[in-house]
Structures are given as C-alpha cells and as structure tokens.
Amino acid sequence: MADLITTNRIKERLESVYGIPFNVVTEHASTGVSLRVSLASGFNDYFTLVFFASNRIRLKISLEPDAYSQPLFQSMAAADAASKVLFMKYANALTQESRNASFTVNDVDLFTLDIAEWPTQWSSAKLEVEIFPIPECNTESDLLTFLLPWVEEVAGLLFSLIDISEDVSGEGEGSKFSVTQTKYERSTKNRAACLAHYGYCCKICGMNFEEKYGSIGANFIHVHHIVPVSQIGENYIMDPIKDLIPVCPNCHAMLHKKNPPLFPSELYELISHDTHLHEESSSMIFLETNSATCDISGTTTEFPNCL
C-alpha cells in the first residue's frame, strides 16, 4: 500500500523529475492552508509557487516572483517553439480543469495567444489558477494528495520554458547550477509532462513500483519513446502525450526485442492473450486502478491508469 502523501513526498517527486533541489512547506492560517513550493539551494531567489486552499473549499494557485525573477522571465521569453508548444499543452489542461486560469505577461494572457504573438520582452509575469469547489479533505495528508497532481502540472507549465542544467565546475564549492535554454533531445520537461498526464504505472502491464515495494519504489518508472529518437527528424516537436509512455523495465525491454520496437498496443495485446497472466495482473496489479484511453499509432487501446 502506498505511503501517506507528505510535503517530503512531494519534494521527492519533484526532485526525481527535475533533478534539482526543492523546498516544499505548508503554512497554516485561520483562512486556510498554503503549500509553498520553491527551488532550493542557489535557486531560491527565482520564484515561489503558492497553492492556497481557502477553508479547504477553494484552491488558488499563484506565482510569487523573487529577486532574480526578471532574468528568469527573459530566459523563458527566449524559449524555443517546441518549449512553447509544450507550455500551451499544460495551459490548455489547466484551462479545462479549473474555473479560472491565466498566465499574464506584460498585461497579456499567454493562454489566449498564439505562440507567434507572445511578447519577446517580459517585464512581468503573473500566474493565477482557481479551482472551486475542491474535494473534502479531512487531514493534511488528504489535502496534499489532492494537491500533488496540481503541483506537478503547474511545475510542468513553468519548467516547459525553463531548462536547469548542472555545471560541475571542479572548484572548491563543487557543483553550481545555471539556467539555460536547450534544444529538445531526451528532455526532462517532456518526461515530466508524460508522467504528469499518465502517472507512474506501467501502461502495459499495470506495474506500480510503490505499491509493490513501498516507498523505495516511489516515482520509479521508465519512459519509452514510441518512435525511437534516432528516427525523429531534427526539427520534430515532441508531443509528450502521444510520443511518450511510462513503462516498467521488463515491458521496456520487451518493446525493444524487435527493431523497430513493438508498439505498446502490440505488447499489451500479447499480454492480454495470455489468459493466466491476464487474470493474475487483473487481480493483483490492476487492483484499484482506473482506465485511461491512449491513442497509439491510429488504434485506441485501454490501459490501466494511476498516479
């Protein structure tokens, strides 16, 4: 059984995806509870994401700029087209899932603009998302469980325009970090978008490492490129929902038993045709999971869904 969601679990989830340190804390007030998410170490002067559950009936999400927000905003303004397309995928999801959602730059909402119309100079940036009503949360763990997918989605929105790379300088203070814009190859932000959408279950056999191994298995999953990276053109814009899929290491290896690799739907059908394995996985692995439809190579196949 999965452990209770805590601020440390949310911190570990973000760090496992982005590979950089985060601060995640809760603050209690008479009007509600705030979850505050910021970059740690040398990044804590960029911004803070605030998730405020007002009396636990309404969620408001906002971005608090900090001392070094301005150069960060300019770096985001210079993001390439692929990054902007990914940003708009998150924007569309937030708009559909919330009552109000906007990301305002220079008093213009980017969520309503074509990426070709974005300002090239960002003097300010403001994020506002409102969700009402929210599910009843009787404990802080219940609230954090509800907040986790929102944290991942909003972090994905921002990091779609930000690449943070580690530069090992070899000097006395060891590693330092810098904010850079890079062209997509096997990008962290696309992996994050894939996992934010599908969760951490294998979409072929249903394996969830946290359910099987406890906390040591939390946030562990492989991400498979449905079309191999070697076959993708230089200017191809990756769609992390259509082009990527989370799979366990065993299924990942089986996909690559052929060249070109099997489509996930093909391997899923092979498993389904094995009656014994199908019954076992239905009773043991697919327990308490829902169903998500994933369109792959022109066919629609039902895969297990979980966070």
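This short talk covers the cavities and the aromatic rings of one structure.

Hi everyone! Please keep in mind that we are looking at a predicted model.

Let's begin with empty space. How many cavities of 30 Å³ or more does a search of the whole structure find? There are three, and the largest has a volume of about 70 Å³. Have a look at what surrounds that largest cavity: its lining includes Arg 13, Tyr 18, Glu 152 and Leu 195. Helices H1, H4 and H5 each supply at least two residues of this lining, and H1 gives the most, with four. By type, the lining residues are eight nonpolar and two charged, with no polar ones.

Now to the rings. The whole structure holds 10 aromatic pairs. Take Phe 22 and Phe 159: their ring centres are 6.1 Å apart and their planes sit at 65°, so this pair is edge-to-face. The two are 137 residues apart in the chain, with Phe 22 in strand S1 and Phe 159 in helix H4. Are they buried or exposed? Phe 22 is buried, at 2% relative accessible area, and Phe 159 is buried too, at 5%.

My second pair is Phe 87 and Trp 118. Here the centres are 5.2 Å apart and the planes are at 80°, so we again call it edge-to-face. Phe 87 belongs to helix H3, while Trp 118 lies in the loop between strands S6 and S7. Phe 87 is buried, with a relative accessible area of 0%, and Trp 118 is buried at 6%. Both belong to a cluster linked by ring pairs, together with Phe 103, Phe 111 and Trp 122.

One last stop: Arg 58 lies over the face of Phe 132, 4.2 Å from the ring centre. Thanks for listening!

Key: Residues numbered from 1 in each chain as written. Predicted model: local features only at pLDDT ≥ 70, side-chain atom pairs only at ≥ 80, totals over all residues. Heavy atoms only, no water. 1 Å grid on protein atoms, 1.4 Å probe; cavity = no way out; pocket = protein on both sides within 12 Å on 5 of 7 lines; lining within 4 Å. Points joined across faces, edges and corners; volume = space filled by probe spheres on them. Nonpolar A, V, L, I, M, F, W, Y, C, P; charged D, E, K, R; others polar. Phe/Tyr/Trp six-rings, centres within 6.5 Å; stacked < 30°, edge-to-face > 60°. Buried < 20%, exposed > 50% of the residue type's maximum accessible area, 1.4 Å probe, protein only. Lys NZ or Arg CZ within 6 Å of the ring centre and 35° of its normal.
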